[in-house]
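Let's take a walk through this one together, strands before helices. Keep the viewer open and follow along.

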Amino acid sequence: MLGALAMMTGCGVRARVLPRTSFTGTGNRLLMSGRITARTADDFATILAQNPQITEIFVQDMGGRHDVAAAIAMGMRVRAGGLSTHLQSDSRVAGAAIAPFLGGVTREAVAGAQIVPVGWDDPALAAFAARMAGPATQSAFGLRNAGADRIHALSETEVSQSGLLTAPLRPLNTEGRTDV
């Protein structure tokens, strides 16, 4: 069972230290955070194969530069598995780590989630975004100006209009928390 599993790979450094990639399962949900490395895609595939009850991926804090090929492979695995992806109000996803989120057959987010498409001028990421969420997502990401030297968190309006989500951006509940 995945309930107590936390697999660790890689490590990352940026403005703050990012933990190694971790996966934690709860019922049909897989919580994912940390830095994507070359090993992460294989670890992710193994976890999904060993836990067929997983239907939802919750991306938590994943930022900084990532292994683009591994991130895209994870997004493809999410799509092939028919999984849904979610961002909570305290989620922060940046760079290539957006790819696993984009792989979701359904993609939902709660107000407050931060999406930072830094580095999405990479041709492989741009093609992946168009394939998963349509050409409008490429434009909304500002791929022409979202290079590695420019950091811009999408506003709630940009997220809502981007094609990133398959459902409207959800507000926080009355207690100011998400429903995870």
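Before we get to the hairpin, a quick bit of vocabulary: two strands count as paired if DSSP finds at least two bridges between them. Also keep in mind that what you're looking at is a predicted model.

With that in hand, go to β3 and β4, which form a hairpin with two residues between them. Check G27 in the turn: its phi is positive, at about 60 degrees. The two strands run antiparallel and are joined by five bridges. One pairing worth picking out is F23, whose bridge partner in β4 is M32.

Now stay on M32 and look across to β5, where V59 stands opposite M32. Here β4 and β5 run parallel, with four bridges joining them. How much of β5 is covered? Most of it, since five of its seven residues are buried.

Next comes helix α1, which covers residues 40–50. Which of its residues are buried? They are T40, A41, D43, F44, A45, I47 and L48. The cover over these buried residues includes the strands we just toured, β3 (22–26), β4 (29–33) and β5 (56–62), along with helix α2.

That brings us to α2 itself, and to how it packs on α4. Two packed helices are described by the angle between their axes and the distance between the axes. For α2 (residues 68–80) and α4 (residues 123–133), the angle is about 10 degrees and the axes are 10 Å apart. Angles under 35 degrees count as roughly parallel, so α2 is roughly parallel to α4. On the α2 side, the contact is made by V68, I72, G75, M76 and R79, which meet A124, L125, F128, R131 and M132 of α4. Sorted by class, this contact has seven nonpolar residues, one polar and two charged.

Further along, have a look at T157, which lies in helix α6 (residues 156–161). Is T157 buried, exposed or partly exposed? Its relative accessibility is 48%, so T157 counts as partly exposed. Its C-alpha atom is 9.3 Å from that of L169, twelve residues apart along the chain.

Finally, a word on confidence. The chain has a mean pLDDT of 80, with 76% of its residues reaching 70 or more. Over residues 1–17, though, pLDDT stays under 50. The model does have 44 contacts beyond four places in sequence for that stretch. Still, where pLDDT is low, the predicted coordinates should not be read in detail.

Key:
Residues numbered from 1 in each chain as written. Predicted model: local features only at pLDDT ≥ 70, side-chain atom pairs only at ≥ 80, totals over all residues. Heavy atoms only, no water. Axes fitted to C-alpha atoms, helices over the stretch in contact; angles between N-to-C directions. Parallel < 35°, antiparallel > 145°, perpendicular 65-115°, else oblique. Contact = heavy atoms within 4.5 Å. Nonpolar A, V, L, I, M, F, W, Y, C, P; charged D, E, K, R; others polar. pLDDT = per-residue confidence, 0-100. Buried < 20%, exposed > 50% of the residue type's maximum accessible area, 1.4 Å probe, protein only.
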